Amino acid sequence: MPPSPVVLILGAGPNIGQHVAQAFAAKGYKVALTSRSAKKQSSEDEVNISCDLSDPTSVVNVFDKVKELLGLPSVVVYNAAAATSNDPKDPLSLPFADFTRDLNINTSSVFVAAQQAVLAFKQLPDSASKTFIYTGNKLNNAITIAPMLNLGVGKSATAHMIQSAAAAYAERGFKFYYADERKADGSPAYSSIDGEAHGKHYLQLAEGREQEPWQQTFVKGMGYKKFSTV
């Protein structure tokens with residue numbers, strides 16, 4: 001009997017992270033979850049790892065631990081985010097330390113996670129999912145939220161990274177996605193973000209055999225939907 005596939009979820013919050021974990025566990029995946037506290041007890045099929053994603057070097061240790069305890073992950077979900085509010089009329093007054101910390105969480109640690117994911121994917125059989133999903137939002141497009149300069153910078157930079165990776169690795173069967181839940185009219189989901197919808201859509205992306213559009217704008221109950229103006 002082949003070993004169970006492994007999903008690693010970086011940033012396992014109570015909404016999206018937990019619902020994604022439940023969706024993959026229901027399909028037979030072993031689940032690795034990271035958070036800053038990791039208070040939940042681990043089991044044979046689920047491990048909880050403490051990780052501070054403001055330190056990108058900690059991501060390598062997470063992958064090493066997952067490999068040791070569960071095996072190489074065939075699906076990696078990056079669900080962490082950070083946003084320090086700035087003065088909307090003086091955005092560049094944001095302290096550099098805050099800007100750097102949030103950029104580490106929103107982008108630099110994502111780079112390391114994607115890099116480690118590729119190293120894992122190269123060692124997995126052709127039948128493995130080999131999927132990397134980043135939880136994004138609409139800030140990578142032509143909108144700004146005045147008090148959220150650093151979140152917009154991070155989402156935009158990471159979207160570029162995901163787009164580049166999706167194009168570069170498609171022939172090798174590695175899939176990369178920037179997931180962005182929207183309302184049916186294309187506006188951001190904001191406080192209506194639905195964890196269960198994320199779990200369902202992320203599982204669908206992981207089970208697909210070929211790279212779909214890298215920017216996965218999706219609507220609860222509908223799945224992927226391309227908007228004329230993203």
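In the predicted model, R182 is located in strand 6. The relative accessibility of R182 is 2%; because buried residues are those under 20%, R182 is classed as buried. A polar atom of the R182 side chain is found 3.0 Å from the backbone oxygen of G186.

Strand 6, which spans residues 175-182, is also among the elements that each supply at least two residues of the largest nonpolar core. This core has 38 residues, and the members that touch the most other members are L10, L53, Y78, F132 and F176. Besides strand 6, the elements supplying at least two residues each are strand 1 (6-10), strand 3 (46-50), helix 2 (58-69), strand 4 (75-78), helix 3, strand 5 (131-135) and helix 4 (149-169). The greatest contribution to the core, 8 residues, comes from helix 3. Another core, of 21 residues, lies apart from this one, and its members include V7, I9, A179 and A197.

Helix 3 covers residues 96-121, a run of 26 residues. From its first C-alpha to its last, helix 3 reaches 35 Å, which is close to the 38 Å expected at 1.5 Å a residue. A bend of about 50° occurs in helix 3 at N104.

N104 is also one of the residues in contact with L53 when neighbours of L53 within four places in sequence are left aside. The other contacts of L53 counted in this way are L10, G11, S58, V59, Y78, A80, I105 and S109. Among these, L10 and Y78 are listed together with L53 as residues that touch the most other members of the largest nonpolar core.

How values were computed
Residues numbered from 1 in each chain as written. Predicted model: local features only at pLDDT ≥ 70, side-chain atom pairs only at ≥ 80, totals over all residues. Heavy atoms only, no water. Helix = DSSP H or I, 4+ residues; strand = E, 2+ residues; numbered from the N terminus. Expected span 1.5 Å × (residues − 1). Bend = angle between axes of the 7 residues up to and from the residue. Core = buried A, V, L, I, M, F, W, Y, C linked by side-chain atoms within 4.5 Å. Buried < 20%, exposed > 50% of the residue type's maximum accessible area, 1.4 Å probe, protein only. Contact = heavy atoms within 4.5 Å. Polar contact = N/O pair within 3.5 Å; in protein donor to acceptor, adjacent residues only side chain to side chain.
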